Amino acid sequence: MNIPSRITTAARTATCAALALASIGTVAAFAQEAAPAAEAVVEAATPVIDKGDVAWMMTSSALVLFMTIPGLALFYGGLVRAKNMLSVLMQCTVIASVVMVVWVLWGYSMAFGGGTSPFWGGLGKMFLAGVSPETTAATFTDGVVLPEYVFIAFQMTFAAITPALIVGAFAERIKFSAVIAFVVLWVTFVYFPIAHMVWDGAGYIFNLGAIDFAGGTVVHINAGVAALVGCLFVGKRTGYGKDNMAPHSMTLTMVGAAMLWVGWFGFNAGSNLEATAGATLAMMNTFVATAAAVLSWSAVEAMIRGKASMLGAASGMVAGLVAITPACGTIGPVGAIVLGLVVSPICYYFVSTVKTKMGYDDSLDVFGIHGVGGIIGALATGILTAPALGGTGAEDFSIAGQVWIQLVAVIITILWCGIISAILYKLVDMVIGLRPTVEAEREGLDLTSHGEVAYHSS
């Protein structure tokens, strides 16, 4: 009885050992097979920084700076009288510089600080607290990110150009110190909150579902409304309607407009945040909408005035760029051409007829082109994004529903900007004063404000 018992125990032991070895082998084999899958899951969960995206966003940031200095500065500079050329160059240069500093100190935090408020980003990232070369910012693709510094730099260039656009409305007749004081206040209480509302994931307008790919509301309507309010508060130029106030150099204006067009590819295609097909769509639309707007403005001038002017072509160029800005990433190229053809006649009507009838002195037609063009572009985005019209909208895209959302976004921007801008202009006027003396204005702001002249007579 004992012997069979021992044999049975030994057999059982051997069998268990064999089973254990087999189990170990199975587990090992399973682990070998599962390892790549586990690694793939880990890799998928790890955010990816693509060097091509980083290079494109660095390039785009430089292009948007190029729009401001020298593009916008020369565009505006050529449009004023020679005695005010340097004043415009100085305003654009110092505005861009002061906003860059403000952006780092508190602007980025107020716009994209990570707060949950629908109206501002909070102060959690003041002085870029918590930002380092290792921190990242999201893109439109899950799992693909950018170094946070390049996102900060890109958005900083948008913040820098927007208030510089405003000065064209009251060019040739405002104190330099008043401009700079107003800009610091304006970006703080108008631009940063609107940027948060439109582009931040927690933003109020963003969560309404409004489409603003590259800044129709944030940049152009914002600047256009502030410009209109500003020219009303500052008043008309001395001698307006009596003196010759023609542009002193259409050559420089054309050079500046061309620089704006080139730089705008960073503005629009860069807003895709990635070097992908989405950026190429925005780029293509920026080409053809602008081209169509140039042709449209020139055709309207030829029919009404008998001649197509270089000033008109440059104005049409900017109107097309403005209108396509909110729509460039979601509409098709044919829709972009239609938008360009439509925007110029409307802007032409505002700068040639409405301004005269209403009696305001918007020196360089900031509201007539940026404000009106931005509104047209924002509303047209709600139509042309429809897939049936070549846009990128989903199959259930509702034109009526999206246009309503776009309209709400436009109205919020107009009211927020208009009311707060009026308060800020009044405050600056009370503390500093907006206007130089009549004598200083007649002599020219180049000499009286900066002690220099752009051109020396031989």
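**Salt bridges and core of a predicted model**

Let me begin with Arg435, which is partly exposed, its relative accessible area being 27%. I should say at once that what we have here is a predicted model, and that the values I quote are computed from it. The side chain of Arg435 meets that of Glu441 in a salt bridge, with 2.8 Å from N to O, and Glu441, for its part, counts as buried because its relative accessibility is 2%, which is under the 20% cut-off for that class.

That pair is one of nine salt bridges in the structure. There is also a network, in which Arg81, Glu172, Arg173, Arg237 and Asp361 are joined into one by salt bridges that share partners. As a general matter, side chains of opposite charge can pair when their charged atoms come close.

Within this network, consider Glu172 and Arg81, whose side chains form a salt bridge at 3.0 Å, N to O. Glu172 sits in the loop between α4 (148-166) and α5 (176-199), while Arg81 sits in the loop between α2 (51-79) and α3 (85-112), so that distant parts of the chain, 91 residues apart, are linked by the pair. Glu172 and Arg81 are both buried.

Now to Arg173 and Asp361, where the salt bridge has an N to O distance of 3.7 Å. Arg173 belongs to the loop between α4 and α5, and Asp361 to the loop between α11 (333-358) and α12 (366-384), and therefore this bridge ties together parts that lie 188 residues apart in sequence. Here too, both residues, Arg173 and Asp361, are buried.

Turning to the protein as a whole, we find 15 helices and three strands, and of its 458 residues 52% count as buried. If we take the contacts with a separation of 6 or more, 77% of them are accounted for by residues 24 or more positions apart. The accessible surface comes to about 19600 Å², and carbon and sulfur atoms hold 70% of that area.

Which residues touch the most other members of the largest nonpolar core? They are Tyr76, Trp186 and Tyr191, in a core of 124 residues, and the largest share of this core, 15 residues, comes from α5. Tyr191, if we leave aside residues up to four places away in sequence, touches Phe158, Ala159, Thr162, Trp186, Trp199, Val218 and Asn222. For background, nonpolar side chains tend to be buried together in soluble globular proteins.

Note on methods. Residues numbered from 1 in each chain as written. Predicted model: local features only at pLDDT ≥ 70, side-chain atom pairs only at ≥ 80, totals over all residues. Heavy atoms only, no water. Salt bridge = Lys/Arg side-chain N within 4 Å of Asp/Glu carboxyl O. Helix = DSSP H or I, 4+ residues; strand = E, 2+ residues; numbered from the N terminus. Buried < 20%, exposed > 50% of the residue type's maximum accessible area, 1.4 Å probe, protein only. Contact = heavy atoms within 4.5 Å. Areas by Shrake-Rupley, 256 points an atom, 1.4 Å probe, with all protein chains shown as cover. Core = buried A, V, L, I, M, F, W, Y, C linked by side-chain atoms within 4.5 Å.
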